[in-house]
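Me: Could you zoom in on one part of this fold for me and stay with it for a while? I'd like the pairing first, then whatever sits against it.

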Amino acid sequence: MNNTKTLVTQYIADLHNLIDALPQDDLLAVIDALMTARQEERTIFVCGNGGSAATASHMVADVAKNTRRPDKPRLRLVGLGDNIPTLTAYANDEGYDRVFAEPILSLMRPDDLLIAISGSGNSPNVLRGAEAAKEKGGKVIGIIGFEGGKLKALSDLSLVVPSTNMEMIEDLHMIVNHIITMCMREA
């Protein structure tokens, strides 16, 4: 039990330090881009792989529902991993790396946004989605960990959680989601 207590105490201390290291200027730039998309009634697509897919779905639910205001346009969000039949059809027929790219090629308009969430920044399906968004004239916001991986280079804006610990990266991605939601509702 003593080892468990040490692990828990260290995780919490490390997480606290990582919160302090979150690049706030990058977060503010992401929020500003989302506010602009709201005013221009752009569609915001959101995708992620694995745990980041759960974060993407959570973000769509929070930002779409919890930011409604009578004095602002409603946000238009699409969770690219939330339609399982479509996702599995593309995976089966086109390959798993195309599950986000194909709907983007069908639905995205110029200046729409893609929020691409990836702990490593190297998930092939997320990267193909970002490439498709660029092809359609969309803007890519990468919410990433590690050093940004390949997704950072494909992103117009990126928020990189400066860690190599996947659990903590995913924790911070959820905190970022909640900060975005609060700011979109209150600002």
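Reply: Here's a walk through the sheet and its surroundings, with a few side trips.

Some ground rules: this is a predicted model, so local features need pLDDT of at least 70 and side-chain atom pairs count only at pLDDT 80 or more, while totals for chains, interfaces and linings use all residues. Numbering starts from 1 along each chain as its sequence is written, and side-chain values use heavy atoms, leaving out hydrogens and water.

The sheet is open and has five strands in the order E2-E1-E3-E4-E5, paired in parallel. Strands E2 (76-79) and E5 (157-160) are the edges: each has a single partner strand, so one side of each lacks a neighbour in the sheet. On average, neighbouring strands are turned by 15° against each other, direction ignored. Strands here are DSSP runs of E with at least two residues, helices are runs of H or I with at least four, and both are numbered from the N terminus. Two strands pair if DSSP finds at least two bridges between them.

Now zoom in on E1 (residues 43-48). Four bridges join E1 to E2, and the two run parallel; one bridge partnership is that of Val46 with Gly79 in E2. Thr43 also belongs to E1. With 7% relative accessibility, Thr43 counts as buried (buried is under 20% relative accessible area, exposed over 50%, partly exposed in between, with a 1.4 Å probe and protein chains only). Beyond residues up to four places away in sequence, Thr43 touches Arg76, Val78, Arg109, Asp112 and Leu113, where contact means heavy atoms within 4.5 Å. One of these, Arg109, also makes a side-chain to side-chain polar contact with Thr43, at 3.4 Å. A polar contact is a pair of N or O atoms within 3.5 Å; within protein, one must be able to donate a hydrogen and the other to accept it, and residues adjacent in sequence count only if both atoms are side-chain atoms.

What packs on the strands? Helix H2 (residues 24-39) lies across E1, E3 (113-118), E4 (139-144) and E5, running at about 140° to E5. Helix H6 (residues 124-135) touches E1, E3 and E4, and its direction makes about 165° with that of E3. For these angles, axes are lines fitted to C-alpha atoms, for helices over the stretch in contact, and values run from 0 to 180 degrees between N-to-C directions.

Within H6 you'll find Gly129, which counts as buried at 0% relative accessibility. Setting aside residues up to four places away in sequence, its contacts are Phe100, Ala101, Ile104 and Leu114.

One side trip goes to helix H8 (residues 166-186), home of Thr181. Thr181 counts as buried too, at 4% relative accessibility. A polar atom of its side chain lies 2.9 Å from the backbone oxygen of Asn177. Apart from neighbours within four places in sequence, Thr181 is in contact with Asp62, Val63, Asn66 and Thr67.

The other stop is helix H4 (residues 84-93). At its start, a side-chain oxygen of Asn83 comes to within 3.1 Å of the backbone nitrogen of Thr86. After H4 comes Gly95, whose phi is positive, near 110°.
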